[in-house]
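This briefing sets out computed features of one protein model, grouped by topic for a reader who has the coordinates at hand. It begins with a single residue and widens from there.

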Amino acid sequence: MCDAIMALFPAFAEVSENKVEDSSTELDWLNNKSFQAGNALSLHSRFLEKSTEQPNKREESVGRDITCSDGESSGKEDGPPKKKKKKSEKKRKKKKKHKKKSGRASGSSGSDSETIYPSDLKREEEGIRHQPASLGTRFTWLDDLQSPTENPFCVDRKPDPANWTYKSLYRGDVARYRRKGSSSLGLDFRRQGVSWEDSETKKKKKVGVNGNAADRYFSVATRKLLRAAPPVPVIPATPESGDVLNSTSFLPLGDAERDNTRHELDSKAQTSVNPLGVYDSSTSLWMQGKGRLLQDDAKPVAETEEKSEYVAGRTEEFNRRLREQPADTQLWIEFIRYQDELSAAAFGGDEEQQGSDLAERRKSSYRAILEKKLSIADRAVETNPTCVALQLERLRICQDLWEPSTLAKEWKKLVFLHPNSAPLWRKYLLFTQSYFSSFSVTKVNSAYGKCLSTLSAVRDGSMVSHPALPGIEEDMLDIFTQQCHFLRQSGHCEKAISLFQAMIDFSYFKPDSVKKLSTKQQVDFFETFWDSGEARVGEVGARGWKAWMTQQERGGWVQPPAEEEEEEEEEEDEEEVKDRSQPRGTVWLEVESSREAAHWLPWRPDKAKGQSEEDCEDPDRQVLFDDIGPSLICLTSPELQLRFLLSFLAFLGFPVDFVLSAAPYQPSMLLENLSLLTQGASLQRPLTSFNPLETGINPVGHMTTLQGTRKWLGLGKQGEKFLTNVFSMLQPFLPPPHRAVLSLSWMLYEKLKVLHCLRSGNKKRLRAQGKSSKRVAKRLLKEPDNRSSLVLWREYAHLEWVLGNLDEARKVFSTATAMGGTRGLGSPALCELCLLWSQLEVENSAKEQGGVADVTTSPAVAVLTRLAEGTSSSSSSQTLTPVSILKARRSYDQALSSSLSSLDQKIQNHQQDGNAAQDEPQEDKLRLRGLVGCYALFQYLTVSIQAASAVYSQARERMEELHRSLTPERQPDHDEATTRPSRTVHSQHVSWLASDCEALAVQQAALLRHNNSVGVCTLATLRQMLTCSLSVWPYSAPLWSVYIQVENRYHSAGRARRFFTTVTRDNSSSVVPRLFAIVAEQHRKQLVDAAQRSCCLDGALPILPENGLSNRIRGLFEGATSTEIGAHCPLLWRMYIHFLASEGKVDKARGIFYKALQNIPWVKGLYMDAVQLFPDHLQEFVDLMTEKELRLRLPLEELDILLED
């Protein structure tokens, strides 16, 4: 009906207007000239829109549509047509849709609509045309107007709601947003709502395989997918059948039977769909109308689900056990550590890096894991508030989360709550010492004083709230020694020496009247003596605190006349700056190290010369009592006093037995010297190269770069005089066994100086040092208590042998064996003396003759045979008979069997009689290293190397088994600080046993190495022995040295690398294996570089250069420094910096230096290495040392003055 109203032929209505007016060709009879199609079309479209929007009110809407459509259509016709093609196409599509909708609506409600006649439309259109057109109904340019108008503006009938909201009409100021969801604020969702229509102009998203939007490779969903499917199953798969073969672990190469079956089923379909064979399997399946097989795709999902179920089950097990046993602190710690394994499994962590800090920092959810662990630790501490281990674990977690001030407050609060816990104090001191942001020498030194004074109050009973724990005096002595080493490493040697001086006076020369007072009261009395100006221990005229106190009660000292001392000590030093043309940093290093070596003793005014405190040029050389007073402690037992003296000698650089002196609590913090890694390399002394052992700890006064040398050997003239005064003052107050121990250390010290001169190759210096050392040794042997000491005679004979006086050394050895009498194999000291003598003879014969063929003429066999017979070895030049050799072998066998069988009984007897007589050290009866060594060397010289190895194996198996039975098993997850047992008599005997086991392993390795050097034999025996020994004693530096020498002979390093990886993974309590692993790779790199340099520069290399060694060494350094014990090792960081600098990576080396400062800011040697490697930043490093209060002996202002002079 509507079509009949519009036109007679609607399809040709527009065509008739566009054609050229030609009356001869037009169909005039079909045209209705009184009707215009444009008006009808616009009217009809407006009418249909209104009728669609409001179908129930069609009568009212028709009239409004007619007037509106007329005005708008006229406006559109008058305006310029400036629409693009795309917009017109979209308009047409919309019109077509509206026509379809309007057709349906009109068809359904056509009877209700009003009839509109064309005459009415014609009449209204003519009336509108006669009205003047206004500018308000159309858009035009002002230049196009024919005549000016009164209102040159246009009314925009399409309002912009943004103009009501925003203050500007510019569209760039309108906020853009994306709608999330279909809700609207402020509406009642039960009665009101907003219908949002999605626009059709949205960009098409990329569609994935399953019809979803494709995720990018960096999206969260993709990363979860990659991490969810591990390449290797985390837990073993359960076999489906009971077949034994299915349970074996192997890598299947494919199921041939299943593949063949699938191929037979699909062969027919493949030939019809894919006749040429150019489609892959997925395309062929798609062309057949089939989906891909889901069996293989379901396997990773099943493994992931199985893995998640396993992890969830283990977490549930932890939660259940903790609910049932909330007081199990070890279980809480395991659950906290389990979070690292959980995150590593979830994010694909490597097994070797699961516990390390480096791997954790690389995880994207590191902070989330820390928060989770912290919440568990808080719950654990809340359940067990008195457990120190849990609180330490909590603070370890918080170190990466909290601010430094908050962390320091928590540490102080924890120490305040547990003032009697020495392990907790150690952890607190390590935190204070290694936290760079709050570090300063004064703060750390005061923290040490606070710790020792608090523990002293707990020990005395002054602090009633907390009882004293067992072994508190031993812990206090360890902390005191650690404080002295801290002061030495930071450059404050004067304060450390003053601490030792005060402790010697406080322990050995205490007045009887103050012994019953508390430690604090005793310190108050001692301050009066310290500030009185009286001579202290080691100074000329020192008498001690007790004598001074007694004389003060009687009325004071009678000042004796000052003796005229020789002026040799006041010799003018040489000019400090020898070469002013050198770089500024080099001059500063030389002067700083020389002053450190010369001025390590505290300065005291000389009253005889009228000096006062104002005459000191360097005020830091004077030590105030406030710096040392709080650190003084009371040592009651003679054993602890001996340990203290040996610690003092080790601090001065003396070789001491760490079984008697107790090794430092954390020896890795004291390692600074490369001598630990280079010992045992002497080919001239293969059997005795580890006598004495190097510790790797710098002595006092040795403050220089990593590869620098000292100005002189020993302690210098003033140091030697100081040491002599200390010994002469202490000897009357020491029991005879303690005097023997001190004399032995002094003798070893003289021998060590001679060995250093021998290595340097300076014959003049060696001759002078030999005379001096022999003078000291003879003076020690002349003392009444030392005349019958076989240990001192042994060392003196070895000193003569090292100096080249072989005949004199043999005479000394013969005299000593004659002194031993007929004790024979029952005397450990005599066995060790004869072992050293025979080893020296074997080395000498191998060097001169290449080995002795006839054993009956061997001097070493003669010495060992006379020892077994119990006769003097003075007649060792006589030829031996085979019968005497057989008798000696039988005696050795019986003595070894009886000693090993009664070893555990001897230990039990010594434990029961802990306070035995002091006439002879108890442990001498337990030492079997001399007996076993003599028997093994005798078997090697008379039978074979296999017989010697059998002797060593028999003794070591028995002793190591006894050691394991006596050693309490330590929990693997417990911290060493919280479970360290007190050093009782039992633990001391265990230490002696462990020392003997390690010494026997070193002897066996040295003997096997010597056998390989003089003969042709396989290295399998030596390698197997070394790997077995190092698995038991992984901290033994001599064994590692021999192992590296053996493995460096092979081009392939795979075996050594695997062994190093195994040992370092299983042993986290020592940094020694990691250091030697790095040294082995550095030796290997030196060999490769030397081979490349030996080739002609212009020619091609005969072999391909090996790559990756530098990266491997860097990886080893990073792995070692990321561990808790390696992060505080100065030697490790200094080696790392030097390696990068030697590779030419100066910027990276400087970055590692600043990283090292975050862990070891107190080590002055680290700053000196930085000055040597980065001399352009001297001012920066000196300012840093001044800020952290490290000892600076040469300010840069004084350096400029020295350079100007």
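Glutamine 489 is buried, with a relative accessible area of 1%, and it is found in helix H19, which covers residues 472-489. The model is a predicted one, and the points below should be read with that in mind.

**Surroundings of glutamine 489**

- Leaving out residues up to four places away in sequence, glutamine 489 touches Met669, Leu670, Glu672, Met703, Pro1130, Trp1162, Val1163 and Lys1164.
- One of these residues, leucine 670, is 181 residues from glutamine 489 in sequence, yet the two C-alpha atoms are 8.2 Å apart in space.

**Overall make-up**

- The protein has 50 helices and zero strands, and of its 1205 residues 43% are buried.
- Among contacts with a separation of 6 or more, 68% are between residues 24 or more positions apart.
- The accessible surface amounts to about 69,000 Å², and 52% of that area belongs to carbon and sulfur atoms.

**Nonpolar core and enclosed helix**

- In soluble globular proteins, nonpolar side chains tend to be buried together.
- The largest nonpolar core holds 265 residues, of which Trp588, Leu652, Phe654 and Tyr892 touch the most other members.
- Helix H40, residues 985-1014, gives the most to this core, contributing 12 residues.
- Tyrosine 892, once its neighbours within four places in sequence are set aside, is in contact with Leu825, Leu864, Leu867, Ala868, Leu931, Cys934, Tyr935 and Phe938.
- Helix H15, residues 388-398, is largely enclosed by the rest of the structure, because 10 of its 11 residues are buried.
- The buried residues of H15 include charged and polar names such as Gln391, Glu393 and Arg394, as well as Val388, Leu390 and Ile397.

**Salt bridges**

- Side chains of opposite charge can pair when their charged atoms come close.
- The structure holds 51 salt bridges, and one of them joins glutamate 494 to arginine 1193, with the closest N and O atoms 3.0 Å apart.
- That pair links distant parts of the chain, since glutamate 494 lies in helix H20 (residues 493-508) and arginine 1193 in the loop between H49 and H50, 699 residues apart.
- Glutamate 494 and arginine 1193 are both buried, and both belong to a network of salt bridges that links them with Glu592, Glu596, Asp618, Asp620, Lys1164 and Arg1191.
- Lys1164, a member of this network, is also among the residues that glutamine 489 touches.
- Aspartate 1089 and lysine 1085 form a salt bridge through their side chains, at 2.9 Å from N to O.
- Because aspartate 1089 and lysine 1085 are four residues apart in helix H44 (residues 1072-1094), about one helical turn separates them.
- Lysine 1085 is itself buried, with a relative accessible area of 12%.
- Another side-chain salt bridge brings together aspartate 512 and lysine 515, at 3.3 Å from N to O.

**Cysteines**

- With a disulfide taken as a pair of cysteine sulfur atoms within 2.5 Å, the count comes to zero disulfides.
- Cysteine 616 is buried at a relative accessible area of 12%, and cysteine 997 is buried at 0%.

**Surface and loop features**

- Tyr279, Trp286 and Met287 make a nonpolar surface patch of about 380 Å².
- Within this patch, tryptophan 286 has its place in helix H10, residues 281-287, and is exposed, with a relative accessible area of 67%.
- Arginine 964, found in helix H38 (residues 945-966), counts as exposed at 52% relative accessibility.
- Arginine 964 and alanine 994 are 30 residues apart in sequence, and their C-alpha atoms are 9.5 Å apart in space.
- Glutamate 1189 has a phi near 65 degrees, a positive value in a residue other than glycine.
- This glutamate 1189 is found in the loop between helix H49 (1178-1187) and helix H50 (1196-1204), where it counts as partly exposed at 32% relative accessibility.
- Arginine 1193, the partner of glutamate 494, is in the loop between H49 and H50 as well, and it is buried.

Conventions. Residues numbered from 1 in each chain as written. Predicted model: local features only at pLDDT ≥ 70, side-chain atom pairs only at ≥ 80, totals over all residues. Heavy atoms only, no water. Buried < 20%, exposed > 50% of the residue type's maximum accessible area, 1.4 Å probe, protein only. Helix = DSSP H or I, 4+ residues; strand = E, 2+ residues; numbered from the N terminus. Patch = residues over 30% accessible without salt bridge, like charges linked within 9 Å, V, L, I, M, F, W, Y side chains within 5 Å. Areas by Shrake-Rupley, 256 points an atom, 1.4 Å probe, with all protein chains shown as cover. Salt bridge = Lys/Arg side-chain N within 4 Å of Asp/Glu carboxyl O. Core = buried A, V, L, I, M, F, W, Y, C linked by side-chain atoms within 4.5 Å. Contact = heavy atoms within 4.5 Å.
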